[in-house]
Amino acid sequence: MATFPFFRSGSARALSHRDFTLLWLGTLVSNIGTWMESVALGVYVTQVTGQAAWTGGVAALTHLPSLVLAPLGGALADRFDRRTFMAVCVCAQALLAALLTVLASTGHLSVPWVAAISLLNGAFSTLVIPCATALTVAVVPKEDLHNALSLDSAQFNLGRIIGPVLAALVLTKVGIAGALFVNTLSFLAVLLALAGMRGAAANALPPKVEALWAGIMRGVRLAWTDPGIALALGSGALVGLLISPFVGLVPVFALKVLGGDATTTSLLLTAQGTGAVIAAFGSGALVARMGRRAFLETALLLVGLCSAAYWLSPTLPVALVTLFILGAVYLVAFTGLKTVCQARTPPELQARVSSLFLLLVNAGYILGVWGQGALSDRVGVRPITAGCALLFFGIVVGMRTLRSRGLAALGI
């Protein structure tokens with residue numbers, strides 16, 4: 001396995017592995033482009049319709065395919081050569097981005113086109129994510145797995161910070177077609193990274209081919225029978241349901257609770273992303289000192305309390321501090337749960353288990369963000385959101401009390 005010695009120690013040691021570094025950089029560039037497209041399309045839909053409901057509805061379409069396609073994506077990624085499978089999906093995403101660019105350049109872009117392409121793009125993203133996770137696991141040794149998944153989350157949050165800033169610049173200077181064109185080009189970074197990966201693990205074919213449905217059910221059986229994987233998947237679904245809606249409801253908190261504007265929303269999103277990036281690069285030393293399970297248990301306990309503190313923040317400065325901390329703890333909790341799933345799964349089933357994690361987290365998030373939003377309109381934002389956060393904290397405390405049958409299953 002080719003390595004870069006410069007990174008062999010410290011919080012970025014997974015970057016010492018050449019294939020992982022290529023994949024990480026390629027995905028980062030593509031993720032920046034994706035966030036540029038997301039901002040550009042959000043601005044377009046809002047300007048055309050004048051309704052936040054349309055903007056949120058179109059954005060939600062990218063998550064819906066995961067409820068159906070996530071298990072299929074995992075089974076396909078475990079069935080074929082993962083580099084090839086991922087390259088095909090990325091090419092499809094690039095073609096969709098190119099179509100959006102052409103429509104915008106020729107004046108034929110419309111909300112129905114944006115909705116349809118967002119749905120298709122969500123479908124291909126659902127197929128790519130478990131494959132990318134399994135490929136990451138394949139190209140780093142087990143002792144660097146937690147660090148690699150932390151860095152993977154870091155690049156997503158770096159994209160969340162950099163992409164909107166670049167989108168604002170490009171939209172001002174060139175317009176929506178320019179932002180969409182940059183996103184189209186960004187997919188080339190992933191294709192070049194996949195082409196440059198040379199490690200044996202990255203090029204390994206699945207040991208055997210089985211019927212597609214049988215392959216899906218094999219992954220489900222493993223997740224059901226392994227107590228650690230089952231608990232990690234269930235915990236991920238609960239995080240998605242009770243905690244994750246803070247991501248989608250940031251504008252609601254900024255405008256309705258704090259009485260701010262779009263700048264307030266941007267500041268809050270930046271605080272969350274910055275906390276996540278710092279946690280991704282700085283958590284390695286704490287993991288080494290505390291151990292993976294103790295570190296994950298602590299993060300799961302704190303994420304509910306930090307979420308409640310954020311929702312109860314009386315002023316913007318307090319909200320920025322609490323959201324910065326929440327962004328860090330939230331990333332650590334999710335990374336730890338993903339690490340449990342991947343570390344306890346045989347290599348030939350890793351994409352399938354990753355797809356189940358994606359399915360349950362997205363299902364929880366869709367239900368949570370819709371449910372908490374609807375209830376907040378009737379009862380109030382703070383009582384509902386802070387109440388859900390404290391409910392999660394209570395569940396974790398209960399599981400920790402039942403150690404013999406509870407969080408002790410998260411043995412990694």
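This is a dialogue on how to read salt bridges, a cavity, a surface patch and some distances in a predicted model.

Colleague: Let me begin with the charged contacts, and ask how many salt bridges a search of the whole structure finds.

Modeller: The general idea is that a salt bridge pairs a side-chain nitrogen of Lys or Arg with a carboxyl oxygen of Asp or Glu within 4 Å. In this predicted model, searching the whole structure gives two salt bridges. One of them joins Arg-344 to Asp-226, with 2.8 Å between the closest N and O atoms. Arg-344 sits in the loop between α16 (316-343) and α17 (350-379), while Asp-226 sits in the loop between α9 (212-225) and α10 (227-242), so the pair ties together parts that are 118 residues apart in sequence.

Colleague: Which residue does Arg-18 form a salt bridge with, and how far apart are the closest N and O atoms?

Modeller: The partner of Arg-18 is Asp-19, and here the closest N and O atoms are 3.5 Å apart.

Colleague: Are Arg-344 and Asp-226 buried or partly exposed, and how should I read the percentages?

Modeller: The general idea is a cut-off on relative accessible area, with buried meaning under 20%, exposed meaning over 50%, and partly exposed lying in between. Arg-344 has a relative accessibility of 27% and therefore counts as partly exposed, whereas Asp-226, at 14%, counts as buried. For the other pair, Arg-18 is partly exposed at 25% relative accessibility, and Asp-19 is buried at 8%.

Colleague: Turning to the interior, how many cavities of 30 Å³ or more does a search of the whole structure find, and which residues line the second largest cavity?

Modeller: A cavity is a set of points where a 1.4 Å probe fits but cannot get out. The search of the whole structure finds two cavities of 30 Å³ or more, and the second largest cavity holds about 50 Å³ of space. Its lining includes Glu-37 and Leu-41, together with Gln-93, Leu-96, Ala-97 and Leu-100, and also Ile-117, Ser-118, Asn-121, Asn-183 and Phe-187.

Colleague: Which helices supply at least two residues each to that lining, and which one gives the most?

Modeller: At least two lining residues come from each of α1 (18-49), α4 (82-105), α5 (111-139) and α7 (176-196). The helix that gives the most to the lining of the second largest cavity is α4, with four residues. By residue class, the lining of the second largest cavity divides into six nonpolar residues, four polar and one charged.

Colleague: On the outside of the model, which residues form a nonpolar patch on the surface?

Modeller: The idea is to take residues with over 30% relative accessible area and no salt bridge, and to join nonpolar side chains within 5 Å. Here the nonpolar surface patch is formed by Leu-64, Leu-67, Val-68 and Leu-119, which together have about 340 Å² of accessible area. Leu-64 lies in the loop between α2 (52-60) and α3 (66-79), and this residue is partly exposed, with a relative accessible area of 37%.

Colleague: Finally, how far apart in space are Ala-309 and Leu-326, C-alpha to C-alpha, and where does each lie?

Modeller: The way to read such a pair is to set the separation along the sequence beside the C-alpha distance. Ala-309 and Leu-326 are 17 residues apart in sequence and 8.9 Å apart in space. Ala-309 belongs to helix α15 (residues 292-311) and is partly exposed at 36% relative accessibility, whereas Leu-326 belongs to helix α16 and is buried at 0%. Leu-326 can also be paired with Phe-246, which is 80 residues away along the chain, with 9.8 Å between the C-alpha atoms.

Colleague: What do the same two numbers give for Ile-162 and Asn-31, and for Ala-230 and Val-340?

Modeller: Ile-162, in helix α6 (residues 145-173), is 131 residues from Asn-31 in sequence and 9.5 Å from it in space, C-alpha to C-alpha. Ala-230, which is placed in helix α10, is 110 residues from Val-340 in sequence, with a C-alpha to C-alpha distance of 9.9 Å. Both Ile-162, at 33% relative accessibility, and Ala-230, at 31%, count as partly exposed.

Definitions and conventions
Residues numbered from 1 in each chain as written. Predicted model: local features only at pLDDT ≥ 70, side-chain atom pairs only at ≥ 80, totals over all residues. Heavy atoms only, no water. Patch = residues over 30% accessible without salt bridge, like charges linked within 9 Å, V, L, I, M, F, W, Y side chains within 5 Å. Areas by Shrake-Rupley, 256 points an atom, 1.4 Å probe, with all protein chains shown as cover. Buried < 20%, exposed > 50% of the residue type's maximum accessible area, 1.4 Å probe, protein only. 1 Å grid on protein atoms, 1.4 Å probe; cavity = no way out; pocket = protein on both sides within 12 Å on 5 of 7 lines; lining within 4 Å. Points joined across faces, edges and corners; volume = space filled by probe spheres on them. Nonpolar A, V, L, I, M, F, W, Y, C, P; charged D, E, K, R; others polar.
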